[in-house]
Amino acid sequence: MVDSGRVTATLRLAVGPLRIAHPITVPSAPVPAAAVVPALQQLVNAVVAAAEDQVVHKGQSISCRKGCGACCRQLVPVSRTEGERLLVLVDAMPAERRQVLKARFAAAEEKIREAGLADRAGRSDRELSSAYFALRVPCPFLEEESCSIHTERPLVCREYLVTSAAELCAGSAQADVTPVPVPKVSSAARGLQDETDDWFPLAMLLARGRRTPPHARRRTGPEWIQRFVARMTGH
Ligand code: SF4
């Protein structure tokens with residue numbers, strides 16, 4: 001269905017053990033990839049909701065609550081495409097709020113650089129994540145232990161839910177934390193624009209934004225979604 005420059009279609013997908021049928025709306029004209037991030041957010045939300053349903057069906061419950069931000073000290077891997085949207089979001093904030101965020105990002109960046117974690121330096125994702133969590137750097141968007149950009153939070157943040165006791169999430173080794181088995185659809189956003197694009201830590205968002213952005217390629221909304229689904233399903 002096409003309506004004033006936007007097209008809506010129902011995506012039917014098998015994601016791991018989950019069956020998803022979800023309507024998404026995207027621009028019909030060529031746009032930068034960041035313009036389809038809201039559709040990707042909706043898709044990830046649908047996958048997470050299906051995974052939650054399975055957990056509840058088994059008689060378990062989700063422990064995550066507003067005001068519990070222990071997981072917001074973890075390394076949050078963000079794709080270039082999501083980063084571009086978040087930079088626009090920060091730029092559109094009132095000056096006072098932007099200043100507060102800039103100070104938080106600068107503090108986080110300093111800690112990450114001091115610890116030598118700004119680059120992979122040959123580490124695996126797991127090694128980097130463990131070293132990062134040990135720093136206890138709060139996400140710059142975390143306020144009073146809640147996410148201040150909840151509706152715009154990265155895809156990977158949406159996918160992290162646990163059924164274990166909330167206090168375990170703050171433990172240094174994350175021992176006994178039981179995450180909900182949510183298929184990691186978010187990883188399909190990496191390399192969406194360019195195969196060589198890697199993820200970066202959310203706390204380095206503004207540092208990354210200071211670099212000159214490469215020319216943003218434009219595709220129609222349905223083309224971007226096709227690319228995303230192809231990356232997600234490996235077809
Ligand atoms: S973006 Fe929000 S949910 Fe994600 S780590 Fe930061 S504060 Fe937490």
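These notebook entries record what I looked up in a predicted model.

**Entry on the hairpin.** I began with strands E2, residues 6-15, and E3, residues 18-27, and found that they run antiparallel and are joined by 10 bridges. To fix the register I took Thr-10, whose bridge partner in E3 is Pro-23. I then turned to the connection of this hairpin, where two residues lie between the strands and Gly-16 takes a positive phi near 55 degrees.

**Entry on the cores.** Next I asked which residues of the largest nonpolar core touch the most other members. Of its 35 residues, these are Leu-13, Ile-20, Ile-225, Phe-228 and Met-232. Looking up where this core comes from, I noted that E2, E3, helix H1 (37-57) and helix H7 (221-233) each supply at least two of its residues, and that H1 gives the largest share, with 10 residues. I followed Met-232 further and, leaving aside its neighbours within four places in sequence, found Met-232 in contact with Leu-13, Val-15, Leu-43, Val-185 and Ala-188. I also recorded a second core of 16 residues, separate from the one above, which includes Val-76, Met-93, Val-156 and Leu-205.

**Entry on the ligand.** Which residues are around the ligand? I listed Cys-72, Val-76, Cys-139, Phe-141, Leu-142, Cys-147, Pro-154, Cys-157 and Leu-202. Sorting this shell by class, I counted nine nonpolar residues, with no polar and no charged ones. I note that Val-76 appears both in the shell around the ligand and in the second core.

Methods: Residues are numbered from 1 along each chain as its sequence is written. This is a predicted model: local features need pLDDT of at least 70, side-chain atom pairs count only at pLDDT 80 or more; totals for chains, interfaces and linings use all residues. Side-chain values use heavy atoms; hydrogens and water are left out. A residue is near a molecule or strand if one of its heavy atoms lies within 4 Å of it. Ala, Val, Leu, Ile, Met, Phe, Trp, Tyr, Cys and Pro count as nonpolar, Asp, Glu, Lys and Arg as charged, and the others, Gly among them, as polar. Two strands pair if DSSP finds at least two bridges between them. Helices (H or I, at least four residues) and strands (E, at least two) are DSSP runs, numbered from the N terminus. A nonpolar core is a set of buried Ala, Val, Leu, Ile, Met, Phe, Trp, Tyr and Cys residues joined through side-chain atoms within 4.5 Å. Buried means under 20% relative accessible area, exposed over 50%, partly exposed in between (1.4 Å probe, protein chains only). Contact means heavy atoms within 4.5 Å.
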